[in-house]
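Here's a quick bench-side briefing to read with the model open in your viewer. Have a look at the fold below, and then we'll start with one aromatic residue.

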Amino acid sequence: TIQPWNRQRRRPNQHVMSHRKFEHPRHGSLGFLPKKRCRRGKGKIKSFPKDDASKPPHLTAFMAYKAGMTHILRDVEKPGSKLHKKEACEAVTLLECPPMVIVGIVGYVKTPRGLRSLGSVWAEHLNDEVKRKFYKNWYKSKKKAFTKYAKKYSDGKKEIESQLDMLKKHCAVIRVIAHTQVRKVSIGQKKAHMMEIQVNGGSTAEKVDFAYGLFEKTVPIDAVFQPSEMIDTVGVSKGRGTEGVVTRWGVSRLPRKTHRGLRKVACIGAWHPARVAFSVARAGQHGFHHRTEINKKIYKIGKAGESSHKATTDFDLTEKDITPMGGFPHYGVINEDYMLIKGAVIGTKKRCITLRQTLIPQTTRSALEQVSLKFIDTSSKFGHGRFQTSDEKLKILGRRKV
């Protein structure tokens, strides 16, 4: 029992210090072990949104390329909040989204051990961008991929239609095979990125007809996502190579006079059990990990060739392109459709980012808020950008070269 003279006097609401492991928990969740390099260079969707047969058939994902970041100004619409009707300056990421091409259908049946693919149907004509996916060495190859398969379309499509009927009859899940038009993006790559995109809504027969109707057609970004919508991003984080425990796990450095280095874990475990536990922080690979981030808000979708592609707003009428002065560092110029997403997106510039419709119903006020932008910054991202356009720079500084 605690003696009366030894009892601490505390106010009712005063915070009580518990054990330090609760006050300052470890950095780096053990749920993400093993921290190893991702086998794929792009994000893979592990689970798609739940299907709702009452809605019309629609696609649930897309692929884009990370260009860079800038900032925007907007008026916050949040009645009751101190920020209501006030200006907010927020960081945004730009993703370039050239339209994707649909080249196939895959059907899945449900089994006690999960989904199993029943069969796939491919389009008659495939682009060289996607054919490169099937070769290790394109320029030495005979480039004969899918030449025999295309003959199935010459005999009245009987075999193709029988396969489609089989998918309609037996399958529970229908996904389309889609690829990006990577040549339209300035990342220096010719081989397209491919993925399966689940078709949700309608019956299985309606899904198959919807997917078959998209064969060899392009699907733009605004056919899948809308402005002010909440989405999830799947990608691979920026690789940082081998790092020590202080950077990789956030453990404390040892005192200054420590023998044989101080950026270490002092004790990696007891004598027995005579092995190192998996939960002990160790040096190793840091970055280039596959990660999914949920609840990213779309601030704007710009369409190539339309007024929405410019960075002009109702408040800022300056005629300026979305690409900042001098282009995005390590990326270049955005010529195709693009998307503005609030905050940061995982990965380096030029990395392929997979976008997915949200898995959960969005009910929060920030998720339902309709965003209207007042200003989009287009100053140079290389150094201290002062000017929004080259005309503005010319007016203030004048001609500097004869």
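Let's start with F146, which counts as partly exposed at 23% relative accessibility. Bear in mind throughout that this is a predicted model. F146 pairs up with W122, and that contact leads into a small group of rings.

**Aromatic rings**

- F146 and W122 make a tilted aromatic pair, with 4.9 Å from centre to centre and 55° between the planes.
- What does this pair tie together? W122 belongs to strand β5 (residues 114–122) while F146 is in the loop between α2 (128–131) and α3 (158–170), so the two rings connect parts that are 24 residues apart in sequence.
- Unlike F146, which is partly exposed, W122 is buried, at a relative accessible area of 13%.
- The two also belong to a cluster: ring pairs link W122, F134, F146 and Y149.
- Across the model, the count of aromatic pairs comes to 6.

**Next door to F146: A145**

- A145 sits in the loop between α2 and α3.
- Buried or exposed? A145 is buried, because its relative accessible area is 14% and the cut-off for buried is under 20%.
- Setting aside neighbours within four places in sequence, A145 is in contact with K131 and Y135.
- If you want a distance to check in the viewer, take A145 to D128: the C-alpha atoms are 9.9 Å apart, with the two positions 17 residues apart in sequence terms.

**Charges over rings**

- K143 has its charged end over the ring of W138, 5.1 Å from the ring centre.
- K374 does likewise with F315, where the charged end sits over the ring at 4.2 Å from its centre.

**Overall build**

- The protein chain has 402 residues, and 41% of them count as buried.
- There are 7 helices and 15 strands in the protein chain.
- Taken along the principal axes, the C-alpha atoms fill a box of roughly 95 × 70 × 50 Å.
- Of the contacts with a separation of 6 or more, 76% come from residues 24 or more positions apart.
- The chain exposes about 24400 Å², and carbon and sulfur atoms supply 52% of that area.

**Nonpolar core**

- How many residues are in the largest nonpolar core? That core has 74, and L59, F225, M339 and L355 are the ones with the most contacts inside it.
- Strand β4 (residues 100–111) gives this core its largest share, namely 8 residues.

**Helix α7, out in the open**

- Helix α7 covers residues 390–397, and the number of its 8 residues that are buried is 0, so the helix lies largely in the open.
- Right after α7 comes G398, with a positive phi near 75°.

**Cysteines**

- How many disulfides does the model have? The count comes to 0.
- C97 is in no disulfide, and the nearest cysteine sulfur, on C352, is 10 Å away.
- For comparison, two sulfur atoms have to be within 2.5 Å to count as a disulfide.
- C97 counts as buried, at 0% relative accessibility.
- C171 is buried too, at 6% relative accessibility.

**Backbone spots to look at**

- L33 and P34 are joined by a cis peptide bond, with omega about -5°. P34 lies in the loop between α1 (20–23) and β1 (58–59).
- Another cis bond runs from H272 to P273, where omega is near 5°. You'll find P273 in the loop between α5 (245–249) and β11 (284–285).
- Which way does phi go at E216, positive or negative? E216 has a positive phi, near 65°, in a residue other than glycine.
- Look for E216 in the loop between α4 (204–213) and β8 (218–219); this residue is partly exposed, at 37% relative accessibility.
- K350 is another residue other than glycine with a positive phi, here near 75°.
- K350 is placed in the loop between β13 (338–342) and β14 (352–357), and with a relative accessible area of 34% K350 is partly exposed.

Methods:
Residues numbered from 1 in each chain as written. Predicted model: local features only at pLDDT ≥ 70, side-chain atom pairs only at ≥ 80, totals over all residues. Heavy atoms only, no water. Core = buried A, V, L, I, M, F, W, Y, C linked by side-chain atoms within 4.5 Å. Buried < 20%, exposed > 50% of the residue type's maximum accessible area, 1.4 Å probe, protein only. Helix = DSSP H or I, 4+ residues; strand = E, 2+ residues; numbered from the N terminus. Phe/Tyr/Trp six-rings, centres within 6.5 Å; stacked < 30°, edge-to-face > 60°. Lys NZ or Arg CZ within 6 Å of the ring centre and 35° of its normal. Contact = heavy atoms within 4.5 Å. Areas by Shrake-Rupley, 256 points an atom, 1.4 Å probe, with all protein chains shown as cover.
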